[in-house]
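Please open the structure in a viewer and keep the sequence at hand. The tour below proceeds by selection, with a note at each stop on what is to be found there.

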Amino acid sequence: MPSPVGMPGRALRNSFAERAIANSPDLEKRCLTSCLHVCRCRDTQETYCIARALDRASQGDVENGLIFAGSNAGRAQQIIPVAELMQELTTSL
């Protein structure tokens with residue numbers, strides 16, 4: 001999915017992404033951290049705060065956070081813990 005704010009990247013389509021694409025009025029458009037030199041959230045309140053969206057995702061809120069993924073994310077058949085993946089990779093050598 002193209003980034004809702006025109007930044008390059010691939011994000012998973014979730015509730016947050018759907019609201020961002022639709023420019024939903026329920027998206028909070030208040031900058032929290034002034035983290036970017038050019039910020040449409042801070043400067044014009046046109047979009048969401050990317051720091052807040054990324055923080056929500058990092059805290060595990062997968063429906064209300066911005067989650068980036070690689071181009072092959074859609075090919076994954078399951079999500080497993082890293083420890084399990086490492087075990088699988090090291091035992092199959």
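**First stop: a charged network**

Select R30, which is partly exposed, with a relative accessible area of 46%. The model on display is a predicted one. Add E28 to the selection: E28 forms a salt bridge with R30, and their closest N and O atoms are 2.9 Å apart. E28 is likewise partly exposed, its relative accessible area being 38%. Now extend the selection to R52, since E28, R30 and R52 are linked in a network of salt bridges.

**Second stop: helix α3**

R52 leads into the next selection, because it is one of the buried residues of α3. Which residues of α3 are buried? They are I50, R52, A53 and A57. Turn the view so that it runs along the helix axis: these residues cover an arc of only 165° around the axis, which puts them on the same side of α3. In general, an α-helix has 3.6 residues a turn, so residues three or four places apart point the same way. To see part of what covers the buried residues of α3, display α1, which is included in that cover. Before leaving, select G60, just after α3, where the backbone takes a positive phi of about 100°.

**Third stop: an aromatic pair**

Select F16 and Y48 and show their side chains. A pair of aromatic rings is described by the distance of the centres and the angle of the planes. The count of aromatic pairs in this model comes to 1. In that pair, F16 and Y48 meet edge-to-face, with 4.7 Å from centre to centre and 80° between the planes. The angle counts as edge-to-face because it is over 60 degrees. F16 belongs to helix α1 (residues 15-21), whereas Y48 lies in the loop between α2 (40-44) and α3 (50-58), so the pair ties together parts that are 32 residues apart in sequence. Are these two residues, F16 and Y48, buried or exposed? Both F16 and Y48 are buried.

**Fourth stop: further salt bridges**

Side chains of opposite charge can pair when their charged atoms come close. How many salt bridges does the model hold? The count comes to 6. One of them is found by selecting E18 and R13, whose closest N and O atoms are 3.1 Å apart. E18 is partly exposed at 37% relative accessibility, while R13 is exposed, with a relative accessible area of 53%.

Next, select D26 and R19. These two residues form a salt bridge in which the closest N and O atoms are 3.8 Å apart. D26 counts as exposed, at 53% relative accessibility.

**Fifth stop: the loop after α1**

Keep R19 displayed and add S24, a residue of the loop between α1 and α2. At 14% relative accessibility, S24 counts as buried, because the cut-off for buried is under 20%. Which residues does S24 contact, leaving aside its neighbours within four places in sequence? The contacts are with R19 and K29.

**Last stop: a nonpolar surface patch**

Finally, show the molecular surface and select V82, L85, M86 and L89. These residues form a nonpolar patch on the surface, and together they have about 360 Å² of accessible area. Within the patch, pick M86, which is found in helix α4 (residues 82-91). M86 is partly exposed, with a relative accessible area of 43%.

Conventions
Residues are numbered from 1 along each chain as its sequence is written. This is a predicted model: local features need pLDDT of at least 70, side-chain atom pairs count only at pLDDT 80 or more; totals for chains, interfaces and linings use all residues. Side-chain values use heavy atoms; hydrogens and water are left out. Rings of Phe, Tyr and Trp (its six-membered ring) pair if their centres lie within 6.5 Å; planes under 30 degrees apart count as stacked, over 60 as edge-to-face and the rest as tilted. Helices (H or I, at least four residues) and strands (E, at least two) are DSSP runs, numbered from the N terminus. Buried means under 20% relative accessible area, exposed over 50%, partly exposed in between (1.4 Å probe, protein chains only). The arc is that of the directions from the helix axis to the C-beta atoms. Contact means heavy atoms within 4.5 Å. Patches are made of residues with over 30% relative accessible area and no salt bridge: like charges are joined within 9 Å, nonpolar side chains (Val, Leu, Ile, Met, Phe, Trp, Tyr) within 5 Å. Accessible areas come from the Shrake-Rupley method with a 1.4 Å probe; for residues, only the protein chains shown count as cover. A salt bridge is a side-chain nitrogen of Lys or Arg within 4 Å of a carboxyl oxygen of Asp or Glu.
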